[in-house]
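Trainee: I should like to go through this structure term by term. Please set each value against the definition behind it.

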Amino acid sequence: MVLGLLKNIFNDNERELKRLYRIVAQVNSLEDRVKKLSDAELGGKTVEFKNRLARGETLDQLLPEAYAVVREAARRVLGMRHFDVQILGGIVLHQGRIAEMKTGEGKTLVATLPAYLNALTGKGVHIVTVNDYLARRDSEWMGRIYKFLGLTVGLIVHGLDHKERQEAYAADITYGTNNEFGFDYLRDNMVTRWEHRVQRPLHFAIIDEVDSILIDEARTPLIISGQLQQATDFYAKIDRVVTQLKPGVHYTVDEKARTVTREEAGNELIEKLLGIENIHDGSEENREILNQIDQSLKAHALMKRDRDYVVKDGKVIIVDEFTGRLMYGRRYSDGLQQAIEAKEGVKVEERSQTLASITIQNYFRMYEKLAGMTGTAATEEEEFRKIYNLDVVVIPTNEPMIRIDYPDVIYKTERAKFQAVVEEIADCYRRGQPVLVGTVSIEKSEYLSRLLKERGIPHNVLNAKYHEKEAEIVAQAGRLGAVTIATNMAGRGTDILLGGNPEFLARQAVAGREEEMDPAEYQRILAEKRKETEEEHKKVVALGGLHIIGTERHEARRIDNQLRGRAGRQGDPGSSRFYLSLEDDLMRLFGSDNISGIMDRLGLEEDQPIEHPLVTRAIENAQRRVEARNFEIRRRLLRYDDILNEQRSVIYEQRQQILRDEDLKGYILGMAEDVLDGLLQAFCSEELTPEHWDLPGLLQAVEETFLPPGSVPPEELAGREREELREFLVEQARAAYEAREEEFGAENMRELERFVMLRVVDSKWMEYLDAIDELREGIGLRAYGQRDPFIEYARESHEMFQGLIARIREDIVRYAFKVRLVAAGSQE
């Protein structure tokens, strides 16, 4: 008892939950009163809440009643009543924190509470999901609650046109994927008219599967690119060279750090094969060749087909390492994509130039308020707090968790491990217990599938190659005798119901007949399927529920926990066990020395497993080391990207000003003065006496920039003081600009100003992104000279950015003063 008391005193989470339960009690106290309201009165509450907000009440004051209203609306519309723990989760989300809720606890329903409350402000709420399927499902399913209460719902998915996107973002609550939201932000900062923007200011985002989006995806920048011209046979030529290089002789592979380093012998062979005298002469052409050779080495030595990418319909498609999904439309950068295409012998697509980019991290940090839900966040709490300033609150389950997690079993070889996995699957199948097997790659899932076919065990394979059907397969993974193989966390967001999912079964039964089917007939089929699954549910429970088999530990413990979490939902029984071998990547690279020693000392055979708490502890220590390393990589990426982010903000703010302001003439004349100040400093420095000034050089420079040639005789400049000279040239510039405006007309000039400013800002920013990428790529080498790469990067990027701003100003002034306007159809 004393121990329990002490544990409670020191457990911050328990203390926080006690505080939050007081608000839950307030919501519960209003339930009976809200139940008595008619549908019209309940729907009318939204207008009442908005009026109360306008009169000065806060969202926190409205929360208990608003949550009671949403709970009642959900009960009437969906037949679902929020549990107390779901109300608890909703409070945590409204407070801008992360709610860790186990699988099957109804996170989708939880999001309706803070979404409704925050949408009352009229500023919009974004609910972010991991894929289009979930975004569409949730917007339709939960959208019924919002619509019942008088709010509008939008959906952002791939393939919408401009008008549809604007309408979706104008809605009170908008569902979509992280990629769609991020790319729309970038596209909004490339438009040429203010009214073409689709997003409103970023107010509040609720991220479902927050760990997947803010941690797993954090290292991935969102990039909008245009194509660069590069002869595609160049990549094939480089690939032929690289296939002649031998590992350990011409290059060294470090799998742990995922790097490939060329040796001197490799450089010599490359020079010989390509007929180049000195590959390191620093020329643009040779730098490009070396970069592509390094990418090609990486493609051959580190990138594996059916693990990192698949080849489908003659195209190389990246596989998401965390979910096993195919990432259509996403390509590797810096020539790696082309290197893999050349390696696989498919058509090599052209290299692209970055037009705009932002990391997922920095996009979501722009929201005024951010919140998230996931089944596994506690192991990454430090990262959420340090990078996003988000606390994690672990929400208790509605029913006690009774799943049994068995200790890991370790074999010497991968072959022996998979044989043991097949035996366990065969045993479950014989007894009728459903089993879900998690694999880390498509290659491993297909290997296991072949072994099961040999044993005559029917099964479903769920991996990136077939993810169109993943929701249906996962939904039925809890049926009697079901065997399902899934890469990692494929099918996230779909609950596995023991005995099967009656709604999915009913939809399958009426497939293709939905349009002409009588609703009463559908309800009859649904009731039939419900009865069938309820009977099956009892049998599966008696067998011990869903059994989870992990065939390898992931780098991050939470990915393993997510797999385990598919079993034992809502108080159901369930079990899990991980099978490992010393040949697994994690064990081989990070943790197998100690364990290998133990196995050798015990004199174990290949097919003799080891089960010991020491072993499990060694594995978890290896995972902790990898997690710490990955966190460090993400933190380092963020430090570098923070610099670019500040610069991006300056450029995008300047762009928005150009789009918003009606009259840009004042800006251009102001820029002309800034450019003139720079020219005066270059030709008539204050440090020099007037007889040492270069007045002819100054006159030539101002004529090239903003004055008509010959408009100012050289003698007009002579004999003037520096300030007088400045005033005279400013006056001449203004007169020249007024003359242009008179010639072309005020309306045309305003149009020209906007066009020139946007064109220059965009083209210079694109060039800058390429230059900064190049700087970042090579900055690590500064460490060899005993200099901190980050400090060097910060200093150089600052200087480069100052240069960018100066070049933008010069080009805008030059084009605005010098460009010729030609009427459409006429020729000059």
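Trainee: What makes helix α12 (residues 178-188) count as mostly covered?

Mentor: The model is predicted, so local features require pLDDT of at least 70 and side-chain atom pairs count only at pLDDT 80 or more, while totals for chains, interfaces and linings use all residues. Residues are numbered from 1 along each chain as its sequence is written, and side-chain values use heavy atoms, with hydrogens and water left out. Buried means under 20% relative accessible area, exposed over 50%, and partly exposed in between, with a 1.4 Å probe and protein chains only. In α12, eight of the eleven residues are buried. They are Asn178, Glu180, Phe181, Gly182, Asp184, Tyr185, Leu186 and Asp188.

Trainee: Why is Glu57 called partly exposed?

Mentor: Its relative accessibility is 26%, which falls in between the two cut-offs, under 20% for buried and over 50% for exposed; therefore Glu57 counts as partly exposed. Glu57 lies in the loop between α4 (39-54) and α5 (59-78). Helices here are DSSP runs of H or I with at least four residues, strands are runs of E with at least two, and both are numbered from the N terminus. Not counting residues up to four places away in sequence, Glu57 touches Arg52 and Leu62, where contact means heavy atoms within 4.5 Å.

Trainee: How do you know that strand β20 (residues 546-550) is largely enclosed by the rest of the structure?

Mentor: Five of its five residues are buried, so that conclusion follows. Both faces of β20 are covered, with Leu546, Ile548 and Gly550 buried on one side and His547 and Ile549 buried on the other.

Trainee: What makes β20 a partner of strand β17 (residues 435-439)?

Mentor: Two strands pair if DSSP finds at least two bridges between them. β17 and β20 have four, in the parallel sense, and Val437 has Ile549 in β20 as its bridge partner. β20 also pairs in the parallel sense with strand β21 (residues 574-581), over five bridges; there His547 stands opposite Ser575. From β20 the chain crosses through helix α25 (residues 557-564) to β21 in a right-handed β-α-β crossover. Right-handed means that, with the strands pointing away from the viewer, the path from the first strand over the helix to the second runs clockwise.

Trainee: Why are β9 (309-312) and β11 (326-327) called edge strands?

Mentor: Each pairs on one side only. The open sheet has three strands in the order β9-β10-β11, with antiparallel pairing. Strand β10 (residues 315-319) is joined to β11 by two bridges, which meets the requirement of at least two. In one of these pairings, Ile318 has Met327 in β11 as its bridge partner.

Trainee: How do you know that the largest nonpolar core lies between domain 1 and domain 4?

Mentor: A nonpolar core is a set of buried Ala, Val, Leu, Ile, Met, Phe, Trp, Tyr and Cys residues joined through side-chain atoms within 4.5 Å. The largest has 93 residues, of which Leu214, Phe364 and Phe384 touch the most other members. Helix α31 (residues 746-778) gives the most to this core, with twelve residues. Domain 1 (11-222 + 362-394) and domain 4 (643-818) both give residues to this core, so it lies between them; the bounds come from an automatic or database domain assignment.

Trainee: Which residues does Phe364 contact, leaving aside its neighbours within four places in sequence?

Mentor: Phe364 is in contact with Val128, Asn178, Ile207, Ile213, Leu214 and Leu370.
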